[in-house]
Amino acid sequence: MRIRHTVPALAAALIALAGTPAAQAATAPAPAASGAGVRAEVAAFAGHTYVLTLDNGVVLRNTYSADGSTLDWTALAGPMAGRSGQERLSVRAVGEGLYFVNWVEASGMTVSHVMDLGRGTVSVYWTYGTPDGGRVGELHTATLQRASS
């Protein structure tokens with residue numbers, strides 16, 4: 001099955017990117033104003049709303065909190081149309097305008113995005129449980145269009 005070969009390659013690429021000087025600079029703490037300590041850089045997508053159109057027909061509206069730590073999503077089209085949720089995010093900058101974003105939903109579904117803000121694309125990998133107790137993983141691509149600031 002092709003996905004078994006693609007996912008390890010994607011993971012290896014992410015690990016390699018995270019170790020690059022550009023990625024380390026992008027995740028390095030920014031100096032705080034007036035000596036109040038050190039704070040981490042806020043992701044460039046924070047405080048914005050995006051529409052993601054996936055290769056399988058799913059369309060999502062993702063609204064990120066001002067600090068980039070949470071996501072409010074609504075499925076606009078596809079099999080999940082009408083569903084929504086709020087997720088706590090794990091985020092890592094892996095390059096300029098390039099972010100690895102991950103969360104686990106209450107349903108047990110896991111979602112990982114590699115967001116490329118410069119190109120307006122997202123690589124999406126999600127897993128979910130099946131009725132027989134198994135687990136399925138899917139790899140998708142999406143376009144990313146900013147809907148608001």
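Biologist: What makes strand 4, strand 5 and strand 9 part of the story of the largest cavity?

Modeller: In this predicted model, strand 4 (59–64), strand 5 (70–77) and strand 9 (110–116) each supply at least two residues of the lining. Leu60 and Asn62 lie in the stretch of strand 4, Leu71 and Trp73 in that of strand 5, and Val111 and His113 in that of strand 9. Met80, Trp103, Glu105, Met109 and Trp126 also line the cavity.

Biologist: Why is this space called a cavity?

Modeller: The name applies because a 1.4 Å probe fits there but cannot get out. The largest cavity holds about 110 Å³ of space. Searching the whole structure for cavities of 30 Å³ or more turns up one.

Biologist: How many nonpolar, polar and charged residues are in its lining?

Modeller: Eight are nonpolar, two are polar and one is charged. Glu105 is on the lining list, and Glu counts as charged, so Glu105 is the charged one. Asn and His are not named as nonpolar or charged, so Asn62 and His113 count as polar.

Biologist: What is the volume of the second largest pocket, and which residues line it?

Modeller: That pocket has a volume of about 190 Å³. Its lining consists of Trp73, Met80, Arg83, Ser84, Gly85, Glu87, Glu105, Ala106, Ser107 and Met109. Strand 6 (residues 84–88) contributes the most, with three residues. Trp73, Met80, Glu105 and Met109 belong to the pocket lining and to the cavity lining as well.

Biologist: Why is this one a pocket?

Modeller: A pocket is an open set of points, so the word is used where the probe is not shut in.

Biologist: What makes up the pocket lining by class?

Modeller: Four residues are nonpolar, three are polar and three are charged. Gly is grouped with the polar residues, so Gly85 joins Ser84 and Ser107 there.

Biologist: Let's turn to the sheet. What is the order of its strands?

Modeller: Nine strands form an open sheet in the order 6-5-4-3-11-10-9-8-7, with antiparallel pairing.

Biologist: Why are strand 6 and strand 7 called edge strands?

Modeller: Strand 6 and strand 7 each pair on one side only. On average, neighbouring strands of the sheet are turned by 25° against each other, direction ignored.

Biologist: How do you know that strand 7 and strand 8 pair?

Modeller: Pairing needs at least two bridges, and the count here is five, so the two strands qualify. Strand 7 covers residues 90–95, strand 8 covers residues 98–104, and the sense is antiparallel. Gly95 has Leu98 as its bridge partner in strand 8. Two residues separate the strands in this hairpin, and Gly97 takes a positive phi near 70°.

Biologist: How many bridges join strand 8 to strand 9?

Modeller: Seven, again antiparallel. Asn102 stands opposite Ser112 in strand 9. This hairpin has five residues between its strands, and Gly108 in the turn has a positive phi of about 95°.

Biologist: And what pairs with strand 9 over seven bridges?

Modeller: Strand 10 does, in the antiparallel sense. Ser112 has Tyr125 as its bridge partner in strand 10. Strand 10 (residues 121–129) is in turn joined to strand 11 (residues 135–148) by nine bridges. There, Trp126 stands opposite Glu138, and Ser123 is bridged to Thr141.

Biologist: How many aromatic pairs are there?

Modeller: The count comes to three. One of them is Phe45 with Tyr99, at 5.3 Å centre to centre and 90° between the planes. Phe45 is in the loop between strand 2 (38–39) and strand 3 (49–54), while Tyr99 is in strand 8, 54 residues apart along the chain.

Biologist: Why is that pair called edge-to-face?

Modeller: The centres must lie within 6.5 Å and the planes must be over 60 degrees apart; 5.3 Å and 90° satisfy both, so the name fits. Phe45 and Tyr99 are both buried. Tyr50 and Tyr64 are also edge-to-face, at 6.2 Å and 65°. Tyr50 sits in strand 3 and Tyr64 in strand 4, 14 residues apart.

Biologist: Are Tyr50 and Tyr64 buried or exposed?

Modeller: Buried means under 20% relative accessible area. Tyr50 has 5%, so it counts as buried, and Tyr64, at 3%, is buried too. Phe45, Tyr50, Tyr64 and Tyr99 together form one aromatic cluster.

How values were computed
Residues numbered from 1 in each chain as written. Predicted model: local features only at pLDDT ≥ 70, side-chain atom pairs only at ≥ 80, totals over all residues. Heavy atoms only, no water. 1 Å grid on protein atoms, 1.4 Å probe; cavity = no way out; pocket = protein on both sides within 12 Å on 5 of 7 lines; lining within 4 Å. Points joined across faces, edges and corners; volume = space filled by probe spheres on them. Helix = DSSP H or I, 4+ residues; strand = E, 2+ residues; numbered from the N terminus. Axes fitted to C-alpha atoms, helices over the stretch in contact; angles between N-to-C directions. Phe/Tyr/Trp six-rings, centres within 6.5 Å; stacked < 30°, edge-to-face > 60°. Buried < 20%, exposed > 50% of the residue type's maximum accessible area, 1.4 Å probe, protein only.
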